[in-house]
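Visitor: I would like a close look at a single part of this model, the lining of the largest cavity and what it leads to. How does that lining divide by class?

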Amino acid sequence: MALREAEVVVLGAGVAGLVLARRLQERGLRVLVVAEALGEASRPPVALVNPLRGRRFTLAEEGEEALERALAFYGRFAELHLGVFRPVPEAERPKVAGRLSGLRHRWEGKGVLLEEAFWLEPRPLLARLSEGLPLLWGRVLAWEPPYLALEGGGRVRGEVLVYAGGSRGAHLLALEGRHIPGLVLTLLDYFPRALSYRVYLAGAALGGSYLPQEESPRMPPPTEGEVEWLLQGAEVLVGYRPRVASAWRGVRFRLPGPHLFPVEGGFALTGFGSTGFLYAPLLAERLASRL
């Protein structure tokens with residue numbers, strides 16, 4: 001296998017890796033993406049891009065700017081379904097209202113509509129992002145700057161290496177994060193406007209069940225308890241249990257600190273957990289500007 005070279009070699013073809021590679025290519029840099037396949041954790045049936053997080057209605061750090069960049073970038077490559085409705089208990093409304101000043105929103109009935117939060121279908125998005133990018137499919141065995149050592153004896157050389165993988169490759173850089181298996185149910189019902197509180201309903205998907213205590217990138221099968229938890233959450237949102245067609249399982253990788261940081265030979269852009277689609281365009285643009 002001949003040595004492949006590029007100015008920037010990106011390891012990982014999930015949303016972070018492909019968004020970064022696209023940004024670098026648009027800036028005129030020679031880029032090469034190395035991956036086993038299009039990112040597994042980046043291919044659920046639906047991705048919800050929502051800066052208002054969790055049951056405590058926490059606004060994600062830099063959430064307004066991240067949402068603005070995500071809207072502008074993804075809108076070039078995918079259909080965006082705008083509007084995420086969040087039920088808000090009456091007692092919580094003053095606190096939540098104070099966190100929404102930078103987000104376009106309006107109060108409706110029992111909650112708030114985040115007008116520029118959105119959902120999209122990741123699989124066609126990743127396919128569009130990968131079009132025209134130099135891609136090398138293969139398994140990386142070692143991170144040896146300026147080289148990546150590949151299964152089968154091949155090597156790739158980059159002036160800068162960027163790790164944009166997740167659970168499966170974290171051991172290459174000894175990254176100590178949480179590997180969190182999660183479940184999304186695909187539905188026979190369809191929800192054009194996303195609903196989110198504990199779980200989310202968007203398009204033909206019901207998601208939000210993630211197991212908190214995993215320490216390895218295993219892929220356990222869905223459990224009856226997880227499915228029941230999701231369906232109970234959906235019933236709270238819409239008053240009935242949607243009809244389930246199938247299930248998707250993925251493993252997210254979560255780091256407690258920054259998601260863009262220097263490593264030997266380059267940088268890491270990883271560890272987003274459930275916020276990858278929100279932050280990828282913002283942080284990819286920052287890294288592209290540095291390179």
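Guide: By class, five nonpolar, no polar and three charged residues make up the lining of the largest cavity. Nonpolar here covers Ala, Val, Leu, Ile, Met, Phe, Trp, Tyr, Cys and Pro, charged covers Asp, Glu, Lys and Arg, and the others, Gly among them, are polar. The model is predicted, so local features need pLDDT of at least 70 and side-chain atom pairs pLDDT 80 or more, while totals for chains, interfaces and linings use all residues. Residues are numbered from 1 along each chain as its sequence is written, and side-chain values use heavy atoms, without hydrogens and water.

The structure has one cavity of 30 Å³ or more, and the volume of the largest cavity is about 40 Å³. A cavity is a set of points on a 1 Å grid, over the protein atoms alone, where a 1.4 Å probe fits but cannot get out; lining residues have an atom within 4 Å of a point. Volume is the space filled by probe spheres set on the points, which are joined across faces, edges and corners.

The lining consists of Pro-51, Leu-67, Leu-103, Arg-104, Leu-114, Glu-115, Glu-116 and Ala-117. Strand β8 (residues 111-120) gives the most to this lining, with four residues. Strands (E, at least two residues) and helices (H or I, at least four) are DSSP runs numbered from the N terminus.

Leu-67 leads on to a helix pair. The axes of helix α2 (residues 63-74) and α6 come within 8 Å and cross at roughly 85°. That makes α2 roughly perpendicular to α6 (65 to 115 degrees). Axes are lines fitted to C-alpha atoms over the stretch in contact, with angles from 0 to 180 degrees between N-to-C directions. Leu-67 of α2 takes part in the contact, as do Ala-66, Ala-70 and Phe-73, among others; from α6 the participants include Phe-277, Leu-278, Tyr-279 and Leu-282. Contact means heavy atoms within 4.5 Å. The contact of α2 with α6 has 11 nonpolar, two polar and four charged residues.

From α6 the path continues to an open site. The second largest pocket has a volume of about 330 Å³; a pocket is an open set with protein on both sides within 12 Å along at least five of seven lines. It is lined by 14 residues, the closest to its centre being Glu-61, Glu-62, Gly-257, His-259 and Tyr-279. Helix α6 (residues 276-290) contributes the most to that lining, three residues. By class the pocket lining has six nonpolar, three polar and five charged residues. Tyr-279 thus appears both in the contact with α2 and by the pocket centre.

How values were computed
Angles under 35 degrees count as roughly parallel, over 145 as roughly antiparallel, 65 to 115 as roughly perpendicular and the rest as oblique.
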